[in-house]
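Work through the exercises below with the model open. Try each task before reading its solution.

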Amino acid sequence: MGETYPINITGGLYIILPSSAGRVGDPSLASVAAKRFFEELSSLIQRSVVAVTSDGKQFSGVLAGFDPSTLSVCLSEAVDESGKQFTKLFIHGSALSRLY
């Protein structure tokens with residue numbers, strides 16, 4: 001497998017690309033990657049998702065929105081593992097481990 005390198009696409013968010021994908025710091029490559037990333041995340045708006053925090057807590061709900069600068073998310077109709085319900089739940093991006 002070839003070498004990889006990180007590209008900072010926005011506010012400390014990095015993607016890892018193979019060295020064959022383009023030059024390090026190639027702005028056109030970074031903007032395409034960022035656009036695709038946010039298109040994928042935007043496609044989940046108003047869909048049921050599961051958010052897992054960095055300490056392993058799981059919340060299911062409908063993705064109401066996200067902040068692209070911090071990758072914070074807002075879930076509506078959220079429920080935690082114990083069944084506790086939240087009308088709206090905000091999870092800061094730094095505490096978010098997975099979203100699926």
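**Exercise 1: Two positive phi angles**

Locate Glu77 in the fold, then decide whether it is buried or exposed.

Solution. Glu77 is found in strand 5 (residues 72–80). Strands here are DSSP runs of E with at least two residues, helices are runs of H or I with at least four, and both are numbered from the N terminus. This is a predicted model, in which local features need pLDDT of at least 70, side-chain atom pairs count only at pLDDT 80 or more, and totals for chains, interfaces and linings use all residues. Residues are numbered from 1 along each chain as its sequence is written, and side-chain values use heavy atoms, with hydrogens and water left out. Next, the backbone: phi of Glu77 is near 55°, a positive value in a residue other than glycine. Last, the surface: Glu77 is exposed, at 61% relative accessibility. The cut-offs are under 20% relative accessible area for buried, over 50% for exposed and partly exposed in between, with a 1.4 Å probe and protein chains only.

Now find where Gln46 sits and give its phi.

Solution. Take the position first: Gln46 is in the loop between helix 1 (27–42) and strand 3 (48–53). Its phi is near 65°, again positive in a non-glycine residue. Gln46 has a relative accessible area of 57%, so it counts as exposed.

**Exercise 2: A buried serine**

Which residues are in contact with Ser76, leaving aside neighbours within four places in sequence?

Solution. Start with the element: Ser76 lies in strand 5. Its relative accessibility is 11%, so Ser76 is buried. Contact means heavy atoms within 4.5 Å. The partners of Ser76 are Gly61, Val62, Ala64, Thr87 and Lys88.

**Exercise 3: The largest pocket**

State the volume of the largest pocket and describe its lining.

Solution. A pocket is an open set of points on a 1 Å grid over the protein atoms alone, where a 1.4 Å probe fits, with protein on both sides within 12 Å along at least five of seven lines. Its volume is the space filled by probe spheres set on the points. For the largest pocket this is about 180 Å³. Lining residues have an atom within 4 Å of a point. They are Phe37, Leu41, Leu44, Leu71, Val73, Gly93, Leu96, Ser97, Arg98 and Leu99. Helix 1 and strand 7 (96–99) are the elements that give two or more residues to this lining. Strand 7 has the largest share, four residues.
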